[in-house]
Amino acid sequence: ISAENRPYQYILEQIALQLGVAVPATSAGSRLMKAVQRLGAIRQALLRIPNPLSRDLVRISSSVSAYDTTKLVGATGFSFRPLSQSLKDMCDFVTH
């Protein structure tokens, strides 16, 4: 679990670096994401191929969320892992 507030761009860049692939060069805006999701839904209806981009994924990726864990840490003494370590562990798990 990580307590860092980071944008999706940062997370995707770190995942790409951990996996040894190219970092995304362009950002897909919310309009483009919505259009691709709709095209995927049409493709799914016609060809019965699952749509990898759901409405929820488009909505969540376009939102900005920030969380404060000060109370939790103060009350329990819980400490969070650095995001970079969590992403590294996840990438190691996926590739092995």
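Analyst: Before we start, one definition: Lys and Arg count as positive here, while Asp and Glu count as negative. To join a patch, a residue needs over 30% relative accessible area and no salt bridge, and like charges are joined within 9 Å. Keep in mind that this is a predicted model.

User: Okay, which residues make up the patch of positive charge on the surface?

Analyst: That would be Arg-31, Lys-34, Arg-38 and Arg-55. Helix H2, residues 30–47, gives the largest share of this patch, with three residues.

User: What makes Arg-31 count as exposed?

Analyst: Its relative accessibility is 76%. Exposed means over 50%, so Arg-31 gets that label. You'll find Arg-31 in helix H2.

User: There's a nonpolar surface patch too, right? Which residues make it?

Analyst: Leu-39, Ile-42, Leu-46, Leu-47 and Ile-49 make it, and the patch covers about 520 Å². For nonpolar side chains, the joining distance is within 5 Å.

User: Why is Leu-46 called exposed?

Analyst: Its relative accessible area is 67%, and the cut-off for exposed is over 50%, so the name fits. Leu-46 sits in helix H2. If you want a feel for distance, the C-alpha atoms of Leu-46 and Arg-6 are separated by 38 Å, with the two residues 40 apart along the chain.

User: How many salt bridges are there?

Analyst: The count comes to three.

User: What makes the contact of Asp-56 with Arg-59 a salt bridge?

Analyst: The rule asks for a side-chain nitrogen of Lys or Arg within 4 Å of a carboxyl oxygen of Asp or Glu. Asp-56 and Arg-59 meet at 3.5 Å, N to O, so the pair passes. Both lie in helix H3, residues 55–62, three residues apart, about one turn of the helix.

User: Why does that spacing along a helix suit a pair?

Analyst: An α-helix has 3.6 residues a turn, so residues three or four places apart point the same way.

User: And are Asp-56 and Arg-59 buried or exposed?

Analyst: Asp-56 has 47%, which puts it between 20% and 50%, so it is partly exposed. Arg-59 has 53%, which is over 50%, so it is exposed.

User: How do you know that Lys-88 forms a salt bridge with Asp-92?

Analyst: Their closest N and O atoms are 3.0 Å apart, and that is within 4 Å, so the pair qualifies. This one is in helix H5, residues 83–95, with the partners four residues apart, about one turn. Lys-88 is partly exposed at 34%, and Asp-92 is partly exposed at 31%.

User: What about Asp-89 and Arg-81, how do their side chains meet?

Analyst: In a salt bridge, at 2.0 Å, N to O. That falls within the 4 Å limit, so it counts. Asp-89 is partly exposed at 30%, and Arg-81 is partly exposed at 36%.

User: Last one: how do you know that the span of helix H1 agrees with what it should be?

Analyst: H1 has 12 residues, 8–19, and at 1.5 Å a residue it should span 16 Å. Its end C-alpha atoms are 16 Å apart, so the two values agree. After H1 comes Gly-20, whose phi is positive, near 75 degrees.

How values were computed: Residues are numbered from 1 along each chain as its sequence is written. This is a predicted model: local features need pLDDT of at least 70, side-chain atom pairs count only at pLDDT 80 or more; totals for chains, interfaces and linings use all residues. Side-chain values use heavy atoms; hydrogens and water are left out. Accessible areas come from the Shrake-Rupley method with a 1.4 Å probe; for residues, only the protein chains shown count as cover. The place of a charge is taken as NZ of Lys, CZ of Arg, CG of Asp or CD of Glu. Helices (H or I, at least four residues) and strands (E, at least two) are DSSP runs, numbered from the N terminus. Buried means under 20% relative accessible area, exposed over 50%, partly exposed in between (1.4 Å probe, protein chains only). The expected span of a helix is 1.5 Å times one less than its number of residues.
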